[in-house]
Structure formats: structure tokens, C-alpha cells
Amino acid sequence: MEFSNRFVAIGDSFTEGMGDPDSSRPNGVRGWADRVAEQLCASDPSWGYANLAIRGKKIRQVVDEQLEPALALKPTLVTVYAGGNDILRPQVDIDALMAEYAAMVRKLRASGSSVVLFTGFDSSASSVFGKTRGRTAIYNEFVREVADETGAVIADYWRWREFQDWRYWAEDRLHMGAPGHTLMAKKILEVLAHESSIETPHLNERPAKTRLQELADNAKWTKEFVGPWVQRRLTGRSSGDGLSPKYPQYVRLEPSK
């Protein structure tokens, strides 16, 4: 099937859809990009959607593994979010990495595609990931410079303060949950000036917890999520090892409940 409007999403777990489980979908996740594609396809059958993002990927891997396949698809719209996994590393040369990022965006724009870039999330409220806030702020300045240079559009995750509410997040505290991905899809469609039927998610009241319950929750989180994450870092493994892109070729997605 030929599509005159072609949306390609590239990046890491954020764009793959981690935290928004759906066993009926490739790699077992849905995510904001799928939700955006559903709305685009529902409004206009000329839209096709490909998602090349894979969890755990760093900027250089996105450039090396996803850029050329994305260009080969001749997209008219590309979303790019990469760098979060680099920022979490003990040491990172942000200047060098963002030079590669900038070159990637230039190539995408030179192909004639519209491009949406994301700033990084302000993790100041996180006791663990808050330590990377300074790096993320530097990363964001590079992203803004690249957008100014190339004419790309910014999805300003850093300034969307709604996401500071942890009820939008998954149990691992690293990825958005289904409510977060739903709200993100709504935000991206607003950035694209595209109408949608997505409603702002209803958040359940957060039950009050004693200090002892909070300590128990933190211990459980450390065991189930932090431990395995650190182990992968120490052994050079990635959560995306062995995974293929969800949608390497264009598809039409129907909205689901």
C-alpha cells in the first residue's frame, strides 16, 4: 500500500512504548507514538506509520542503526528522541554525542521531512534520577539549538509540568505508564496542530502511605528494577538486545480502547 503521508518514529524505549504494555502488539507495548499514529490514520487513510525505536539504544546506536532505514522509508514526518540512555551513564561526552545528533537531524531535514525533537524530562523530583538533571539541561540546550538551526519542531517535555505527577509513570519509575503515554500522545498531536479524540487521562487518588510503607516500596523497587538495570550496565547488556523494531515498514493502525 502506498502512503502519501508517512510517519516514522525513531529512538529508544520512550518511543518504543515501554511502560504501556499491550500483549497484542509487537514487542508487547503500545506507547505514545502508536497512539499518535492511530489518530493520524483514523483522520486520513493516506497516513502510514513505522516505528524503528528499540529500548536501551543510545544516540550513536540510533544514528548507526535507525537513521538510514528511516531515510529509506522516505518519511514526511519523523519524531526523534534519543539521549536518555547516554545521560544515565556514569560518564558521557555530551558535546560529541550531540554533534552526531545534530548531523542526524540535518540529514532528516535535508530529506524534506518535518521533524519533531524532544527535550529531556526534568527529573528533579526523583531521588535517584534527579542527579542527572544538570546533564539533561545541557542536552536540552543542544536540542533547542539544533531545532533553531534546522527548523525542526520542539516537543518540550522539560516544560510539560503535568508529568511531574508520578501517577503518569510506570512502576519502574523510569518510563511513563499508560496514562503518561496517553497524555504524551495528546501533547504531540497538539504540537502537530492535529485534532484528536484523546482525552486527558483520569488519575486515581494516590493512597496515603506511612513512612514504613514507603521504605518497603522503595526496597521492592530497588530489587525489581534498579538491581537488574545496574547489572545490565555492568555486563554491557541492553534490555533491547535481540529485539527488532515494532513496525519496520509502514502500517495503518486503528484506534484501540
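Student: How many bridges join strand 3 to strand 4?
Tutor: This is a predicted model: local features need pLDDT of at least 70, side-chain atom pairs count only at pLDDT 80 or more, and totals for chains, interfaces and linings use all residues. Residues are numbered from 1 along each chain as its sequence is written, and side-chain values use heavy atoms, leaving out hydrogens and water. Helices (H or I, at least four residues) and strands (E, at least two) are DSSP runs, numbered from the N terminus, and two strands pair if DSSP finds at least two bridges between them. Strand 3 (residues 77–81) and strand 4 run parallel, and the number of bridges joining them is 4.

Student: Which residue of strand 4 is the bridge partner of Leu77?
Tutor: Look along strand 4, residues 114–118. There, the partner of Leu77 is Ser114.

Student: Which residue of strand 5 stands opposite Val116?
Tutor: Strand 4 also runs parallel to strand 5 (residues 153–155), with 3 bridges between them. Opposite Val116 in strand 5 is Val153.

Student: Is strand 4 largely enclosed or not, and how many of its 5 residues are buried?
Tutor: Buried means under 20% relative accessible area, exposed over 50%, and partly exposed in between (1.4 Å probe, protein chains only). Strand 4 is largely enclosed by the rest of the structure, because the number of its 5 residues that are buried is 4.

Student: Which strands stand at the edges of the sheet?
Tutor: The sheet is open, with 6 strands in the order 5-4-3-1-2-6 and mixed pairing. Each edge strand has a single partner strand, so one side of it is left without a neighbour in the sheet; these are strand 5 and strand 6 (247–251).

Student: What is the average twist from one strand to the next?
Tutor: Angles run from 0 to 180 degrees between N-to-C directions, and axes are lines fitted to C-alpha atoms, for helices over the stretch in contact. From one strand to the next, the twist averages 15 degrees.

Student: At what angle does helix 5 run to strand 4?
Tutor: Helix 5 covers residues 94–110. The helix lies across strand 1, strand 3 and strand 4. To strand 4, the angle is about 155 degrees.

Student: Which strands does helix 6 touch?
Tutor: Contact means heavy atoms within 4.5 Å. Helix 6 (residues 133–150) packs on the sheet, and its direction makes about 165 degrees with that of strand 4. The strands touched by helix 6 are strand 3, strand 4 and strand 5.

Student: Which helix gives the largest share of the largest nonpolar core?
Tutor: A nonpolar core is a set of buried Ala, Val, Leu, Ile, Met, Phe, Trp, Tyr and Cys residues joined through side-chain atoms within 4.5 Å. The largest one has 63 residues, and those with the most contacts inside it include Phe7, Trp32 and Tyr157. The largest share, 8 residues, comes from helix 5.

Student: Is Lys74 buried or exposed?
Tutor: Lys74 sits in the loop between helix 3 (59–72) and strand 3. Its phi is near 50 degrees, a positive value in a residue other than glycine. Most residues other than glycine have a negative phi. At 59% relative accessibility, Lys74 counts as exposed.

Student: What is the relative accessibility of Asp22?
Tutor: Asp22 lies in the loop between helix 1 (13–16) and helix 2 (31–43). Not counting residues up to four places away in sequence, Asp22 touches Gly28, Val29 and Arg30. Asp22 counts as buried because its relative accessibility is 18%.
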